[in-house]
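Visitor: I should like to learn how to read the packing of a structure. May we work through an example together?

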Amino acid sequence: MEYEVVIGLEVHCQLLTNTKIFAADAVVFGDAPNTHISVITLGYPGTLPKLNKKAVEFAIKMGLACGSEITRYNVFARKNYFYPDLPKGYQISQDKTPICVGGGVTIKTKNGEQFIQLHHIHLEEDAGKSIHAEEETDTLLDYNRAGTALIEIVTDPVMKTSEEAAAYLTEVRKLVRYLEICDGNMEEGSLRCDANISIMPKGSTVLGTKVEVKNMNSIRNVQRAIDVEIERQKRAVANGEKIIQETRLFDVTDGKTYSMRTKETMNDYRYFPDPDLAPFVVSEEWLADIKAQMPALPHELHEKFVTTYKLPEYDATVLTDIKEVALYFDKICSHTTNYKAASNWVMGQIKSYLNENHLDINQFPISPETLSGLIELIDKDKISHTIAAHQVFPLLIQQPGKTAQQIAEENNLLKQNDDNALQTIINEVLAANPQKVKEYKFDGKKNLVGMFMGEVMKKSGGKADPKLANQLLIKTLSEN
């Protein structure tokens with residue numbers, strides 16, 4: 001039997017607030033266990049949580065970026081369940097009034113563009129971390145993460161392949177990084193993804209029983225886990241087994257999913273409004289202020305690069321992959337009109353330098369203004385691209401306070417346009433190759449002009465104006 005696959009994703013993003021969502025504890029990754037906890041985080045009797053305003057603003061920014069409707073009247077609820085890494089015995093989350101409703105994210109796959117519909121985005125607090133060390137007989141608990149501000153981005157069940165899921169997750173990670181609300185680091189757990197996967201007979205309108213898969217620490221592993229789980233479900237149904245609603249873990253080592261627990265239903269959570277937190281209202285003035293703070297989004301910059309700068313789709317996609325790179329390129333384009341050359345420099349020499357030195361663009365020493373000056377020297381035929389790339393560019397990195405013009409002048413790298421100086425070099429080259437001159441003149445080997453030009457360029461250190469040198473060379477060969 002043929003089956004249709006249905007996939008929905010739940011993406012948890014740790015927000016880049018300095019403190020937790022309901023307490024003043026610092027949010028720091030990698031510190032010693034249980035060093036950023038307080039009586040509020042631990043849920044001591046008599047303690048009262050207080051909402052972090054910045055967390056709300058970050059959530060709204062994500063909703064605006066996704067075209068969601070922003071909920072004006074918001075209520076936090078208690079989601080009751082017990083795990084040892086949740087010290088209060090319940091999680092403060094949003095139930096009936098998620099901060100953002102609807103909207104979606106546009107992705108690109110081999111089948112073209114696709115709009116992934118969101119169900120909602122809600123605010124909540126993170127749980128702590130359980131550590132199951134091999135050498136320990138007990139589970140160790142680190143509550144530093146407990147209470148960290150999260151948004152959970154929930155899609156509708158609209159994806160059909162793991163490729164779509166990976167493309168969606170890639171786009172979400174790019175968005176949160178552009179908005180600077182989450183670092184998107186899956187390896188450190190600041191962005192986590194759970195996949196809800198089900199299968200149903202082809203042509204059916206009744207969704208199959210969904211299985212939630214967790215423990216995926218990279219986009220590649222999300223894709224792997226989905227593919228593995230799809231095949232597991234197909235085999236189970238073919239063998240007459242019933243798919244049960246459960247949570248499974250993905251083992252990245254053997255590439256299999258394993259049952260963790262049967263999935264709780266909404267009734268199991270026993271949601272009710274948190275009596276310690278008053279409802280909060282997003283006023284029109286507050287919303288307008290947040291909208292005014294919104295940065296340029298990746299799809300907006302992509303559109304600008306294609307329509308205004310006339311770049312190919314490929315260039316625009318590569319340049320907008322990282323926000324800081326996109327903004328660096330955009331600044332170059334405010335100083336030059338040779339946009340394609342600017343794109344080539346950023347994707348070529350600059351990207352290579354950054355990769356080789358393990359740096360990001362913010363650590364790159366050459367300013368956009370200086371790089372535009374280097375492009376101008378090439379466009380005005382004052383230096384060759386080879387000289388620019390292999391000599392001026394490295395010197396600019398070493399002396400970032402100087403302009404490309406200064407570097408070229410100080411190191412005698414400007415093209416030689418002096419007829420007399422070029423003529424002297426040409427005469428020396430021809431005098432050193434009398435046999436080749438004879439073959440050119442009397443044996444008709446006109447292709448030797450390329451060899452002569454190579455020698456002229458070598459003797460001039462690459463500074464000879466190729467067009468002028470070629471003219472003088474042919475004229476000299478015809479006269480002798």
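Guide: Let us begin with L191, which belongs to strand β12, residues 191-201. The model is predicted.

Visitor: Is L191 buried or exposed?

Guide: Residues under 20% relative accessible area count as buried. L191 has a relative accessible area of 1%, so it is buried.

Visitor: Which residues does L191 touch, leaving aside those up to four places away in sequence?

Guide: L191 touches V11, H12, C13, L169, R173, V176, G184, N185 and M186. As for C13, its C-alpha atom is separated from that of L191 by 4.6 Å, although the two residues are 178 residues apart along the chain.

Visitor: How should one describe a pair of packed helices?

Guide: One gives the angle between their axes and the distance between the axes. Here, helix α8 (residues 323-332) and helix α9 (residues 339-357) have axes that come within 10 Å and cross at roughly 140 degrees. Angles over 145 degrees would count as roughly antiparallel; α8 and α9 are therefore oblique to each other. The crossing of α8 past α9 is right-handed.

Visitor: Which residues of α8 and α9 meet?

Guide: From α8 come V325, Y328, F329 and I332; from α9 come Y339, A342, S343, V346 and I350. This contact comprises 8 nonpolar residues, 1 polar residue and no charged ones.

Visitor: Why is α8 said to be largely enclosed by the rest of the structure?

Guide: The description applies because 7 of the 10 residues of α8 are buried. They are K323, V325, A326, Y328, F329, D330 and I332. The buried residues of α8 pack against α2 (162-179), α6 (298-307), α7 (313-319), α9 and α10 (368-379).

Definitions and conventions. Residues are numbered from 1 along each chain as its sequence is written. This is a predicted model: local features need pLDDT of at least 70, side-chain atom pairs count only at pLDDT 80 or more; totals for chains, interfaces and linings use all residues. Side-chain values use heavy atoms; hydrogens and water are left out. Axes are lines fitted to C-alpha atoms, for helices over the stretch in contact, and angles run from 0 to 180 degrees between N-to-C directions. Helices (H or I, at least four residues) and strands (E, at least two) are DSSP runs, numbered from the N terminus. Angles under 35 degrees count as roughly parallel, over 145 as roughly antiparallel, 65 to 115 as roughly perpendicular and the rest as oblique. A crossing is left-handed if the near helix is turned anticlockwise from the far one by less than a right angle, and right-handed if clockwise. Contact means heavy atoms within 4.5 Å. Ala, Val, Leu, Ile, Met, Phe, Trp, Tyr, Cys and Pro count as nonpolar, Asp, Glu, Lys and Arg as charged, and the others, Gly among them, as polar. Buried means under 20% relative accessible area, exposed over 50%, partly exposed in between (1.4 Å probe, protein chains only).
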